[in-house]
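Trainee: I'd like to learn how to read this model feature by feature. Can we go through it together?

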Amino acid sequence: MLKLTNTLTGTQEAFTPSDGEHVRMYTCGPTVYDYAHIGNFRTYVFEDVLRRHLLSKGWKLTHVMNITDIDDKIIRRSVELGVDIHTYTAPFTKAFFEDSTTLKIQRPDIITPATDYIPEMVELVEKLLAAGYAYREGDSIYFRISRFPNYGRLSRLDKRELKIGARIDADEYEKEEPRDFVLWKAPKDDQEPRWDAPFGTGRPGWHLECSAMAMKNLGATLDIHCGAVDNIFPHHDNEIAQSEAVTGKPFVRFWVHGEFLLVEGEKMSKSKGNFYTLRDLIERGHDPLAIRLELMRVPYRKQLNFTMEGLRGSQSSLDRVKDFLFRLKSATLEAGSDPGIASGTASARNQFEAALDDDLNTAQGLGAMFELIREANIALSENRLREDNRREIFDFFQTIEQRLAIVPPLESVVQGDQEIDALVARRNEARRNRDFAMSDQIRKELVDRGILIEDTKEGTRWRRK
RNA sequence: GGCGCCGUACCCAAGCGGUAAGGGAGAGGUCUGCAAAACCUUUAUGCAUCGGUUCGAAUCCGAUCGGCGCCUCCA
């Protein structure tokens, strides 16, 4: 049974889709004004693991993710460059999906760019105006928080006191109350993009898009809505207010928020010089799979301190998995099954499932995998492992791959290559003649070509790095 | 100041009342012509500190110290 921590209640709750079979999930996507950074991807990787786990339960899943392709930053930069916003955002949207693919993040079922949903947003604002939840001030439209008594439930706003001297009002528009938030912004100048609406020309405020696009595609009540913790307030509280004011129904059953990624113990920021995009890391030669593993090593509810040392550690862990799978694949085994290994494999599988069910405890799931690797390695050295055991272990790793997508591919590693085979044969010839100088020289040649050699009792095997 | 998360070995980390998973790094060893890989041993009578509850606590309660985040666009 899957348990998830629900921000709404602050506790772990058993999750099932409201109708028992179809999960309706919305995840906050990127604002495409620049390349996404690894902090962003920590969240997307967690959501990907959730997505994969939900699918494994046999539920039907409709997963919607937005692309915020209109906001202040986008407008400012596109104006600076003298291009329209779509011309500006298109390459970053494309880059985002390329990066996601690099990290083996599955594509959501429905992608909703904000600018494709203007009519839905306009409709929402009209309803809010009609019901008295929204008002016009100047040429902009605001949400009237005083009309929505439950406001701030998600962030437990009622328990908070405002910091003395804290800036309450983030923008310069007039409002009835400082805490009211903007639904529809009147253009400030000629350059700003705008859309016509019955209540005036303008553009949508940020919070509006998620409500409109989520409800349009998933209905009034979502099963799951994800994002990172920084979205809890005000973004998600505002979404709740807008949506529930219109529908009168609970907007979301499970709010699931990913904690922040820190870099070297501090929040990532460009000024601190600890800011990495995925592309930065790839350029430095890091393996995307190691990055993915590093991003899920710590369960989503806990802050993850990203360090280069940690990333190297993940790479080493990954190499261990790769070495093991390679060893298992190339071993010569007898038919049959060793009962000890069989039960070890079954128990690793159970532990893995239980770990993911337990609020996506990836650290524990990974632990179960490594325990099995050690057990199987010992069995391999003691010649106890049998053909059926191997099949079951490979089956398990297939499951791990479906769920976590961190299993290194073997195909590219062990594929036949006549030229390499010939070099290996020549080296073994030299070894037989005890011409170790020659043997080592050939090995060096192979290493230079990215080939690792392992001499075992069953002969020499090689693989690509 | 308020709200929230957290403090487990050199580093990362699981642990959810029954006696400290796992990964990385280091050291020593087995195997090997040498490597590589693998395996073995080794690194927490102790889980920030101090009290309390309990037959029993890293796990529950209280206090203290420390770190991080949010309260403002932000994954």
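Mentor: Sure, starting with an idea we'll need for the RNA: a polar contact is a pair of N or O atoms within 3.5 Å. Keep in mind that this is a predicted model. Arginine 327 gives a case, with a polar side-chain atom 2.9 Å from a sugar or linking oxygen of RNA strand B.

Trainee: Which part of RNA strand B does lysine 302 approach with a polar side-chain atom?

Mentor: A phosphate oxygen, at 2.7 Å from that atom of lysine 302. Glutamine 303 has a polar side-chain atom 3.0 Å from a sugar or linking oxygen of RNA strand B.

Trainee: Zooming out, how many residues surround RNA strand B?

Mentor: There are 56, and the closest are Trp206, Ala228, Lys267, Arg297 and Ser317. By class, the surface near the strand has 22 charged, 18 polar and 16 nonpolar residues. On the RNA side, 67% of the atoms of strand B within 4 Å of the protein belong to sugar or phosphate, and the rest belong to bases.

Trainee: Which element supplies the largest share of that surface near RNA strand B?

Mentor: H11, with nine residues. Several elements supply at least two residues each, including helix H1 (38-56), helix H9 (308-330), helix H11 (362-381) and strand E15 (451-456).

Trainee: Let's do strands. What should I look for in a sheet?

Mentor: Strands of a sheet pair through backbone hydrogen bonds, either parallel or antiparallel. Here, four strands make an open sheet in the order E6-E7-E8-E9, with antiparallel pairing. Its edge strands are E6 (134-137) and E9 (203-204), each of which pairs on one side only.

Trainee: Over how many bridges do E8 and E9 pair?

Mentor: Two, in the antiparallel sense, with E8 covering residues 182-185. Tryptophan 184 stands opposite proline 204 in E9. Take a look at serine 140 too, in strand E7 (residues 140-143). The side chain of serine 140 reaches the backbone nitrogen of alanine 186 at 3.0 Å, and serine 140 is buried, with a relative accessible area of 1%.

Trainee: And E15, which came up at the RNA surface?

Mentor: E15 pairs with strand E16 (residues 459-464) over six bridges, in the antiparallel sense. The two form a hairpin with two residues between them. For a register check, find isoleucine 451, which stands opposite arginine 464 in E16.

Trainee: How do I check a helix such as H5?

Mentor: Compare its expected span with its ends. At 1.5 Å a residue, the 13 residues of helix H5 (residues 206-218) should span 18 Å, and the end C-alpha atoms are 19 Å apart, so the two agree. H5 is mostly covered, with 10 of its 13 residues buried; among them are His207, Glu209, Cys210 and Met213. Just after H5, glycine 219 takes a positive phi of about 95°.

Trainee: Cys210 makes me wonder about disulfides. How many does the structure hold?

Mentor: A disulfide is a covalent bond between the sulfur atoms of two cysteines. This structure holds zero disulfides. Cysteine 28 is in none, and its nearest cysteine sulfur, that of cysteine 210, is 4.2 Å away.

Trainee: Why is there no bond between cysteine 210 and cysteine 28?

Mentor: Because the sulfur of cysteine 210 is 4.2 Å from the one in cysteine 28, its closest, which is too far for a bond; the cut-off is 2.5 Å.

Trainee: Are cysteine 28 and cysteine 210 buried or exposed?

Mentor: Cysteine 28 counts as buried because its relative accessibility is 9%. Cysteine 210 is buried as well, at 0%.

Key: Residues are numbered from 1 along each chain as its sequence is written. Chains are lettered from A and ligands numbered from 1 in the order in which they are written. This is a predicted model: local features need pLDDT of at least 70, side-chain atom pairs count only at pLDDT 80 or more; totals for chains, interfaces and linings use all residues. Side-chain values use heavy atoms; hydrogens and water are left out. Buried means under 20% relative accessible area, exposed over 50%, partly exposed in between (1.4 Å probe, protein chains only). A residue is near a molecule or strand if one of its heavy atoms lies within 4 Å of it. A polar contact is a pair of N or O atoms within 3.5 Å; within protein, one must be able to donate a hydrogen and the other to accept it, and residues adjacent in sequence count only if both atoms are side-chain atoms. Ala, Val, Leu, Ile, Met, Phe, Trp, Tyr, Cys and Pro count as nonpolar, Asp, Glu, Lys and Arg as charged, and the others, Gly among them, as polar. Two strands pair if DSSP finds at least two bridges between them. The expected span of a helix is 1.5 Å times one less than its number of residues.
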